[in-house]
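Here are a few exercises to work through with the sequence and the model open side by side. Try each task yourself before you read its solution.

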Amino acid sequence: RLFLRWQGVLQPRRGLDALLDVIENLQGAPLPVSILETEILPARILNYKPADLDTLIAAGEVVWCGFEPIGERDGRIGLYLAEKLSELWPVASAPGSRPSVEEASTTAAVTREMEILDYLRRNVASFFGDLHDGLGGGDPGETLDALWNLGWKGLLRNDGLAALRAYCDRPAASKPNRRVHQQTGFRSRRTTPPTAQGRWSLQATAFEKDRSATAWSHAIAQQLLTRYGVVFRETAHVENLPGGFSAI
């Protein structure tokens with residue numbers, strides 16, 4: 001009963017400010033994209049609209065980062081208040097943390113991943129077409145796969161949710177009757193794949209060195225208290241925290 005009330009499920013609110021409060025509560029939690037906007041957010045926000053989350057991301061208030069893919073059409077992401085990402089993103093030195101850039105580079109199966117990282121270091125945020133052409137062209141599918149491989153490692157960010165929604169969108173025949181996430185109202189004249197929309201950039205925190213594991217442990221412990229009120233050993237397991245419960 002405590003958790004249901006603490007999470008705002010028993011008394012959902014409405015509006016952008018309420019959505020910011022919910023994201024502040026959930027930030028850093030591994031959230032499956034397939035149920036983010038059909039179950040997780042609507043359970044906490046009255047009359048939730050995907051456009052509201054788009055508004056907060058476009059305003060620079062909220063960012064999302066990939067954690068891992070789940071099968072072919074789903075994955076876990078973390079939502080963050082933009083100013084809190086650098087505090088809550090796992091440090092490279094924490095046991096079980098996400099791979100560092102060097103580790104990801106040496107284990108990358110596709111050379112294009114390294115080319116993408118080098119390109120974005122030089123050119124900052126880029127649309128898919130500019131990025132692909134800047135890499136010398138070739139098979140767009142290869143560039144797209146490399147983008148998402150880096151995205152699920154948490155090394156890249158996208159400035160919107162359109163590509164993520166398209167990535168996790170199921171074929172029409174398998175969809176239940178629910179609202180479609182199409183917000184544009186126009187037919188694009190570009191050849192950019194739906195899963196490549198928006199601008200891609202480096203997730204800067206993943207490239208930072210000498211971050212303090214102690215500062216991260218302190219920040220994540222406070223975040224878990226904000227999220228749950230009472231923190232158990234099982235909480236760290238559910239959150240898949242680097243270092244487990246002992247870290248916090």
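### Warming up: the whole chain

In this predicted model, take the contacts in the protein chain between residues at least 6 apart in sequence: 69% of them join residues at least 24 apart. The secondary structure of the chain comes to twelve helices and six strands. Of its 248 residues, 42% are buried.

### Exercise 1: a small sheet

Work out the strand order of the open sheet of three strands, and find which strands stand at its edges.

*Solution.* Start with the order, which is β4-β6-β5, with antiparallel pairing. Next, look at the partners: β4 (126-127) and β5 (156-158) each have a single partner strand, so they stand at the edges and one side of each is left without a neighbour in the sheet. Now go to the pairing of β4 with β6 (residues 199-202), where two bridges join the antiparallel strands. Ser126 has Trp200 in β6 as its bridge partner. Finally, add the helix: α7 (residues 111-123) lies across β4, β5 and β6, at about 95° to β6.

### Exercise 2: a threonine in a loop

Locate Thr195, decide whether it is buried or exposed, and list its contacts beyond four places in sequence.

*Solution.* First, the place: Thr195 sits in the loop between α10 (162-167) and β6. Second, the accessibility: the relative accessible area of Thr195 is 17%, and buried means under 20%, so Thr195 is buried. Third, the contacts: leaving aside neighbours within four places in sequence, Thr195 touches Leu144, Trp148, Ala163, Ala166, Tyr167 and Trp200. Trp200 may look familiar, as the bridge partner of Ser126.

### Exercise 3: cysteines

Find how many disulfides the whole structure has, then check the burial of Cys65 and Cys168.

*Solution.* The search of the whole structure gives zero disulfides. For burial, use the cut-off of under 20% again. Cys65 has a relative accessible area of 0%, so it is buried. Cys168, at 11%, counts as buried too.

### Exercise 4: the buried residues of a helix

Name the buried residues of helix α2 (residues 16-26), and say what covers them.

*Solution.* Begin with the list: Ala18, Leu19, Leu20, Val22, Ile23, Asn25 and Leu26 are buried. Then look around them: their cover includes the helices α1 (2-6), α3 (33-40), α4 (50-58) and α11 (213-228), along with the strands β2 (62-69) and β3 (75-81). To finish, step past the helix: Gly28 follows α2 and has a positive phi, near 90°.

Methods:
Residues numbered from 1 in each chain as written. Predicted model: local features only at pLDDT ≥ 70, side-chain atom pairs only at ≥ 80, totals over all residues. Heavy atoms only, no water. Pairing = 2+ DSSP bridges. Contact = heavy atoms within 4.5 Å. Axes fitted to C-alpha atoms, helices over the stretch in contact; angles between N-to-C directions. Buried < 20%, exposed > 50% of the residue type's maximum accessible area, 1.4 Å probe, protein only. Disulfide = S-S within 2.5 Å.
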